[in-house]
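Me: Got a minute to go through a structure with me? I'd like to start with the ligand and then move on to the fold.

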Amino acid sequence: MGHGHERRELLRDVVYERVRDRILDGSLPADAKLPSTRAYAAELGLARGTVEEAYARLAAEGYVVGLGPAGTRVRALEVSAPSRPAARHARVPSDGDRFAAGRGLPLGLGVPGLSEFPFEAWARSLARAARRTSRKELASTDAAGEASLRVAIAAHVGLARGVRCEPSQIVVTSGYQSALVLAALATVGPRGTAHVEDPGYPKTREALAALGLRVIAAKVDGEGLRVDTLGGARPALVAVTASHQMPTGVCLSLARRLALLDWASSRDDRWLVEDDYDGEFHYSGSPLPALFAVDRHERTLHAGTFSKSLFPGLRVGFLVAPPGLAAPVRRLSALVAPSVPAVVQRALADFIASGKLARHVARMRKLYARRRAAVLDALREHLGGRAVVEEGSGGLHLLVHWRGGPDDRDVARRGAAQGLGVRALGEYRLARASRQGVLVGFANVPERSAAGAVARLAAAFDASPPPGGP
Ligand SMILES: Cc1ncc(COP(=O)(O)O)c(C=O)c1O
């Protein structure tokens, strides 16, 4: 068989699977019209015949029916209907953000409890910001962010996270990702080395690798990032989720914090980037302040976001640079990641300065504490004998882990089929490990639904074959 033929078969299969999967997940419902073979081939840059063959196979297998000039339509199928939220989600292309997939579903991650979002108060802040914008302000832009918002953020991180800084040390970004990029470019540059937690947040390593940095995995244990596994590469940065390790939920111990700060301050080309994505949320004892707050050597850049304290669609985060890096970070921000719309920033400044953010966070913390307790209880009841439920002390998710049981990705897939948003620990890993686990978000789970959602998770766990099993 020639290569050309093989390639054509492969492409035909890709087209076939893409359409079939959309039919099975409900995003192409019964009677939906497929694009014409000509249009679809042009869109995909393929020969029309390849698409025709794929459609012919779909028709032969009964997924679609060809109606001649009237096109090709999806048949009414008795597919085991995916739960509605999953189907709705599948319509959102998730190519760019595979982590968007389980968002908003029960036990999913990444979205705070939005049912409690104070729409009225937020709308008032937005309206006020829009009304009070002067003509001069319509023209002015500050790439580092609106002065009023930087003042408000400085006060907020001081109170909430013990971070003492001047507004001039802050740049407002479109979320964590841009803050990370700025931090990396301002410190080690694209030829530097980045130590990332393993397991860790995939977007951190992917973004740093996309910038060209050499990315090295640093181990994580029950005290958080293992500082002794950092090598001697230079220049180097460490990206760390100190307050609530993503995904294990561990709070970096004081001893580790001091060791990490020691590591960073021992040379002038070592830096720390603190991803404080959910540091506002803690439920027992008093939380350790941010790493930035205890760094006397000015090696830490602190990235914060409003994605958890308010809502992810806001797309506002910030980076706090140590004084010596403030000017380079501002210059870089003007070049590669200018700030977000001024009216949104002024609204947020108003929301923070008037105390509404603090009130909202305090309220949500209480609500999350109850939701977390309900999910914890249910996890212990349904999975207690088979898996370890790791509490951590803060954040918006819990880790459930086990050894020797089913494959975690399989459990997460089966959970997804049950309409759950749980994620597999394996997705957060670089190195292979015997420990399996799932990440269970509780922010979006009303107490009364916790037991039901966790029971479905337990069913997914039980239905998943053990390793090497059938
Ligand atoms: C580990 C981690 N860092 C940062 C973020 C926040 O990202 P962003 O500010 O881009 O919404 C998240 C959100 O899910 C996260 O899980």
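Me: Which residues are around the ligand?

Reply: Keep in mind that this is a predicted model. The residues around the ligand are Gly 175, Tyr 176, Tyr 201, Met 246, Asp 275, Tyr 277, Thr 305, Ser 307, Lys 308 and Arg 315.

Me: And by class, what does that shell have?

Reply: The shell has four nonpolar residues, three polar ones and three charged ones.

Me: Which side chain has an N or O atom 2.6 Å from a nitrogen atom of the ligand?

Reply: That's Asp 275. On the oxygen side, Ser 307 has a polar side-chain atom 2.6 Å from a ligand oxygen, and Thr 305 has one at 2.7 Å from an oxygen atom of the ligand.

Me: How much of the ligand's area does the protein bury?

Reply: The ligand exposes 400 Å² when taken alone, and the protein buries 95% of that.

Me: OK, on to the sheets. What's the strand order in the eight-stranded one?

Reply: The order is E3-E10-E9-E8-E7-E4-E5-E6, in an open sheet with mixed pairing. Strand E3 (170-173) and strand E6 (224-225) are the edge strands, each pairing on one side only.

Me: Are E4 and E5 parallel or antiparallel?

Reply: Parallel: strand E4 (residues 193-198) and strand E5 (residues 214-221) pair over six bridges. As for individual residues, Asp 198 has Lys 219 in E5 as its bridge partner.

Me: Which helix lies across E3?

Reply: Helix H7 (residues 147-161) does, running at about 100 degrees to E3. H7 also lies across strand E8 (270-276), strand E9 (300-305) and strand E10 (317-320).

Me: What about the sheet of four strands, what's its order?

Reply: E11-E12-E14-E13, again an open sheet, with antiparallel pairing.

Me: Why is one side of E11 and of E13 left without a neighbour in the sheet?

Reply: Strand E11 (388-390) and strand E13 (423-424) stand at the edges with a single partner strand each, so each has one side without a neighbour there. The pairing of E11 with strand E12 (residues 397-403) is antiparallel, over three bridges, and Val 388 stands opposite His 401 in E12.

Me: Which helix packs on that sheet?

Reply: Helix H14 (residues 356-383), touching E11, E12 and strand E14 (435-441). The direction of H14 makes about 15 degrees with that of E12.

Me: Switching to backbone oddities. Is the bond from Asp 198 to Pro 199 cis or trans?

Reply: The peptide bond there is cis, with omega near 5 degrees. Most peptide bonds are trans. Pro 199 sits in the loop between E4 and helix H9 (202-211). The bond from Arg 234 to Pro 235 is cis too, with omega near -15 degrees, and Pro 235 is in the loop between E6 and strand E7 (236-240).

Me: What's the phi of Leu 107?

Reply: Near 65 degrees, so a positive value in a residue other than glycine. Most residues other than glycine have a negative phi. Leu 107 lies in the loop between helix H4 (84-90) and helix H5 (119-131).

Notes: Residues numbered from 1 in each chain as written. Predicted model: local features only at pLDDT ≥ 70, side-chain atom pairs only at ≥ 80, totals over all residues. Heavy atoms only, no water. Near = heavy atom within 4 Å. Polar contact = N/O pair within 3.5 Å; in protein donor to acceptor, adjacent residues only side chain to side chain. Areas by Shrake-Rupley, 256 points an atom, 1.4 Å probe, with all protein chains shown as cover. Nonpolar A, V, L, I, M, F, W, Y, C, P; charged D, E, K, R; others polar. Pairing = 2+ DSSP bridges. Helix = DSSP H or I, 4+ residues; strand = E, 2+ residues; numbered from the N terminus. Contact = heavy atoms within 4.5 Å. Axes fitted to C-alpha atoms, helices over the stretch in contact; angles between N-to-C directions.
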